[in-house]
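Reader: I am new to this. Please show me a structure, and then let me ask about its metal sites.

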Amino acid sequence: MKALRKNGSEGEPIPVITIGEDEALEIELSEDLLKENRRLAAEVRRMLDDHDVYAVDVMGSIGSGKTSIIEKLVQMLKNTLRIGMIAGDAASTIDAGRVMKHGVPTVQVNTGRECHLDGNLVLKALDKLNLKDLDLLFIENVGNLICPADYPLGAHRRLVVISVTEGCDMVVKHPLIFMEADVLAVNKMDLAHLMDVEVDKMGKDALMLNRRIKVVYTSAKTGEGLDNLIDALEVPLNPRKK
Ligand code: MG
Ligand code: ZN
């Protein structure tokens, strides 16, 4: 589909090409793929629920602070809950190492050319964790604001992390992920005063796309807003099993 939008400088129309549902080349393959992913995600959820493990899918671009937030939440919650982590990354075990040093059983998934986790990869990772010994599982998705939106992983909550240093248009440029997420953390608030960004706009834009998204303003560095984040994620603080 082609459309013209009249918001260029000096009012000249900007040609915009939007890929229609019937235009993507591999549409049949991808619909089958998404359907299969939903089936696998449901399997993940069943496994988690069978073991009373509450899972949070942490999405966001590279450098937004996903790992730093997980590290801080682990420090805040590790005396209350038994926590595990699945770290998705194209390569390297850097993030897994950062969280593991807090005594959290961690599985690294290196996705290579894939820029998102999917249900199959999470199932494989769950195989390597002792679910019966966990209450809470963080799944750090690959740093990317686009396709993780299409691949639910069976987690109980989907968190998207953006940072004030990424600029205030992050939300409007990547609408799908904010439509899919349950919670938005606007992170690096400690740097907000250095940036020429309207921090509130990021939250408002997300609420325009998704009225039920919960917006919290955080700094993994100072700890600002992290209590609110735990509330927003509805992490059960009284695990049902012992
Ligand atoms: Mg990370
Ligand atoms: Zn991807």
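Author: Here are a few short questions and answers. This is a predicted model, where local features need pLDDT of at least 70, side-chain atom pairs count only at pLDDT 80 or more, and totals for chains, interfaces and linings use all residues. Residues are numbered from 1 along each chain as its sequence is written, chains are lettered from A and ligands numbered from 1 in the order written, and side-chain values use heavy atoms, without hydrogens and water.

Reader: Which residues coordinate the magnesium ion (ligand 1)?

Author: Donors are N, O and S atoms within 2.8 Å of the metal (3.2 Å for Na, K and Ca); water is not among the atoms, so sites may look incomplete. Here the donors follow the spacing T-x27-D-x44-E along the chain. At 2.0 to 2.1 Å, they belong to Thr-67 (OG1), Asp-95 (OD) and Glu-140 (OE).

Reader: Is Thr-67 buried or exposed?

Author: Buried means under 20% relative accessible area, exposed over 50%, partly exposed in between (1.4 Å probe, protein chains only). Thr-67 has 6% relative accessibility, so Thr-67 counts as buried.

Reader: Which residues coordinate the zinc ion (ligand 2)?

Author: The donors follow the spacing C-H-x30-C along the chain. The distances are 1.9 to 2.2 Å, and the residues are Cys-115 (SG), His-116 (ND1) and Cys-147 (SG).

Reader: What share of the protein's 242 residues is buried?

Author: Two zinc donors, His-116 and Cys-147, are buried. Asp-95 is buried too, with a relative accessible area of 13%. Across the protein, the buried share is 48%.
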